[in-house]
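Thanks for coming. I will go through one model this morning, starting with the backbone and then moving on to side chains.

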Amino acid sequence: MFVNAAQGAECKAVSGPQTAALVELYTSEGCSSCPPADRWLSSLGAGGSLPGQVVPIALHVDYWDYIGWKDPYAKREFSLRQRKLSQLQRMALVYTPQVVLQGRDFRGWGTPAFDAAVARIAAQPAKARISLLVRPGAPRALQVEAGAELLDSAHQADAALYLAAYENRLSSSVTAGENRGSTLAHDYVVLEWQGPFSFGPAAQILERRQLALLPRAAAGGSGVVGFVQNRRTAEVLQALMLPCPG
């Protein structure tokens, strides 16, 4: 289940009893193979996936910037996260576009295998509970209150909460590199990333954070994602997305 409510300029969501699938797309505007994956990720929120079952985010990496086009959404920390997840799976290389589903490399995106994998994940009871609340705050930022509780004590030593602010309906007119001459559209682009936040002895956590957006952020095109992940195994215990209405 997924609960999303707006009260004035305040919006909130609470995760349900089943596990939502965290979908991380590692992409770059400097990579000619990435636009189809970007379009696929956008389609997940266009009625193809049920609310609460899939939490998609796009993490733009910076290691293709050297070939002629600097991706305006790329961050070094996303490249480092991709490498860390690859190391945990004993993968020798990182690549784009890469889809990581529930902390694991998944090459069947855009096929029926993806829908089947999401169904398997959604059938599992959640191992954590998450709540997100966004309050009116500073311009070009989201004031977020995030709570999380572990429902499986076996993960307490290694579990952590992560928060990310994202924007939809972004585009770039690319003038150099492999995608020169193209206008690229993006959704669920992560602009601000915070965490890991560790759980205390009570297996609960409450964080109040400010997550930055772009100066030209469009009303209704922003939101926040929270997820709980085991840092040792990369297993995602629960994920939650909160789109904020304009």
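Pro97 sits in the loop between helix 2 and strand 5, the strand being residues 98-101. The peptide bond leading into Pro97 from Thr96 is cis, with omega near -10°. A second cis bond runs from Gly195 to Pro196, with omega near 10°. Pro196 is in a strand, namely strand 12, residues 189-198. For context, most peptide bonds are trans, and most residues other than glycine have a negative phi.

That brings me to phi. Arg90 has a positive phi, near 60°, and is not a glycine. Arg90 belongs to the loop between helix 2 and strand 5, and this is also the loop that holds Pro97. Ala234 is another non-glycine residue with a positive phi, about 75°. Ala234 is in the loop between strand 14 and strand 15. Which of these is buried and which is exposed? Arg90 is exposed, at 77% relative accessible area, whereas Ala234 is buried, at 3%.

I should say now that this is a predicted model. The mean pLDDT of the chain is 91, and 91% of the residues reach 70 or more. The part to be wary of is residues 1-8, where pLDDT stays under 50. For that stretch the model has 22 contacts beyond four places in sequence.

Now the salt bridges. How many does the structure hold? There are eleven. I will take three of them in turn.

One is Glu24 with Arg81, where the closest N and O atoms are 2.9 Å apart. Glu24 is in strand 3, residues 21-27, and Arg81 is in helix 2, residues 76-88, so this pair ties together parts that are 57 residues apart in sequence. Both Glu24 and Arg81 are buried.

Next, Lys127 with Glu235, the closest N and O atoms being 2.8 Å apart. Here the pair ties together parts 108 residues apart in sequence, because Lys127 lies in the loop between helix 3 and strand 7, while Glu235 lies in the loop between strand 14 and strand 15. Lys127 is partly exposed, with a relative accessible area of 27%. Glu235 also counts as partly exposed, at 27%.

The last pair is Arg135 with Glu145, at 3.2 Å between the closest N and O atoms. Arg135 is in strand 7 and Glu145 in strand 8, residues 141-150, and the two are ten residues apart. Arg135 is partly exposed, with 38% relative accessibility. What else is linked to this pair? Glu10 and Arg208 join Arg135 and Glu145 in a network of salt bridges.

To finish, one residue from helix 3. Ala122 is in that helix, which covers residues 112-122. Why does Ala122 count as buried? Its relative accessibility is 14%, and the cut-off for buried is under 20%. Which residues does Ala122 touch, leaving aside neighbours within four places in sequence? The contacts are Gln18, Thr19 and Gln53. The C-alpha atoms of Ala122 and Ala20 are 5.8 Å apart, although the two residues are separated by 102 residues along the chain.

That is the set. If you look at one thing again, look at the loop between helix 2 and strand 5, with Arg90 and Pro97 both in it.

Note on methods. Residues are numbered from 1 along each chain as its sequence is written. This is a predicted model: local features need pLDDT of at least 70, side-chain atom pairs count only at pLDDT 80 or more; totals for chains, interfaces and linings use all residues. Side-chain values use heavy atoms; hydrogens and water are left out. pLDDT is the predictor's confidence in each residue, from 0 to 100. Contact means heavy atoms within 4.5 Å. Helices (H or I, at least four residues) and strands (E, at least two) are DSSP runs, numbered from the N terminus. Buried means under 20% relative accessible area, exposed over 50%, partly exposed in between (1.4 Å probe, protein chains only). A salt bridge is a side-chain nitrogen of Lys or Arg within 4 Å of a carboxyl oxygen of Asp or Glu.
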